[in-house]
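The notes below are meant to be read beside the model, point by point. They begin with a single residue and then widen to the helix contacts and the overall layout.

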Amino acid sequence: AVASAGKDSGRPSVLPLRRMLDAQELRAAYQAADLFLTASDFETLGFTVIESWCAGTPVAIQPAQGHLEFVEDGVSSWFVDYDDQTEAKATLTRIVAAGLDEVSLRSILPEFAPMAEKFRKSDF
């Protein structure tokens, strides 16, 4: 699912995706989101993170597998313990409250934009 920061964005809070998307649709879906969330415990290469970053969208992910290769918690995106619902809700609330606009992200996540640019330039 792709989530937005809420009512102010004018987009739905969650957009469930129920089919395979082609490359253009996938990029558009990532770009439409304020934040990409995944609670997956298994991501071998971290492609969803890289795809989201290339579209300019930060991620809030379960710290597992391939995600650990690229994401530094609170520096390039966020780790969220989705196994603990109370903690996950509190963490996501803090993330959204801090701001997901470009200016806020530059301050909050100093390595988000550079990592996104690195992967975009590599034509990942």
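Does Ser104 count as buried or exposed, and at what relative accessibility?

1. Ser104 counts as buried, because its relative accessibility is 17%, and the cut-off for that class is under 20%. Please keep in mind here, and in every point that follows, that this is a predicted model. Ser104 lies in helix H5, which spans residues 102-108, and its side chain makes a polar contact of 2.7 Å with the side chain of Asp101. Once the neighbours within four places in sequence are set aside, the contacts of Ser104 are with Ala98 and Gly99.

2. Two glutamines in the loop that joins strand E4 (59-61) to helix H3 (67-70) deserve a joint reading, and Gln62 is one of them, while Gln65 is found in that loop as well. Gln62 has a relative accessibility of 5% and therefore counts as buried, whereas Gln65, at 43%, counts as partly exposed. Beyond its neighbours within four places in sequence, Gln62 touches Thr38, Ala39, Ser40, Asp41, His67, Val80, Asp81, Tyr82 and Asp83. For Gln65 the backbone is what I would point out, since this residue has a positive phi of about 50 degrees although it is not a glycine.

3. How do helix H1 and helix H2 cross? The axes of H1 (residues 23-32) and H2 (residues 47-54) come within 8 Å, with a crossing angle of roughly 75 degrees, so that H1 is roughly perpendicular to H2; the range for this class is 65 to 115 degrees. On the H1 side the contact is formed by Leu26, Arg27 and Tyr30, and on the H2 side by Thr48, Glu51, Ser52 and Cys54. Sorted by class, the residues of this contact are three nonpolar, two polar and two charged.

4. Helix H2 also packs against helix H6 (residues 112-121), where the two axes come within 8 Å and cross at roughly 100 degrees, which means that H2 is roughly perpendicular to H6. Here Ile50, Trp53 and Cys54 of H2 meet Phe112, Met115, Ala116, Phe119 and Arg120 of H6. The class count for the contact of H2 with H6 is seven nonpolar, no polar and one charged. Cys54 is listed in the contact of H2 with H1, and Cys54 is listed again in the contact of H2 with H6.

5. Leu35 belongs to strand E3, which covers residues 35-38, and with a relative accessibility of 5% Leu35 counts as buried. The C-alpha atom of Leu35 is separated by 10.0 Å from that of Trp53, and the two residues are 18 apart along the chain. Trp53 is one of the H2 residues that meet H6.

6. What order of helices and strands does the protein follow along its sequence? The pattern is β-β-α-β-α-β-α-β-α-α-α, made up of six helices and five strands. Among contacts between residues at least 6 apart in sequence, 46% join residues that are at least 24 apart.

7. As for burial and surface, the protein has 124 residues, of which 39% count as buried; Ser104, Gln62 and Leu35 are included in that class. The exposed area of the protein is about 7,400 Å², and carbon and sulfur atoms supply 53% of this area.

How values were computed:
Residues are numbered from 1 along each chain as its sequence is written. This is a predicted model: local features need pLDDT of at least 70, side-chain atom pairs count only at pLDDT 80 or more; totals for chains, interfaces and linings use all residues. Side-chain values use heavy atoms; hydrogens and water are left out. Axes are lines fitted to C-alpha atoms, for helices over the stretch in contact, and angles run from 0 to 180 degrees between N-to-C directions. Helices (H or I, at least four residues) and strands (E, at least two) are DSSP runs, numbered from the N terminus. Angles under 35 degrees count as roughly parallel, over 145 as roughly antiparallel, 65 to 115 as roughly perpendicular and the rest as oblique. Contact means heavy atoms within 4.5 Å. Ala, Val, Leu, Ile, Met, Phe, Trp, Tyr, Cys and Pro count as nonpolar, Asp, Glu, Lys and Arg as charged, and the others, Gly among them, as polar. Buried means under 20% relative accessible area, exposed over 50%, partly exposed in between (1.4 Å probe, protein chains only). Accessible areas come from the Shrake-Rupley method with a 1.4 Å probe; for residues, only the protein chains shown count as cover. A polar contact is a pair of N or O atoms within 3.5 Å; within protein, one must be able to donate a hydrogen and the other to accept it, and residues adjacent in sequence count only if both atoms are side-chain atoms.
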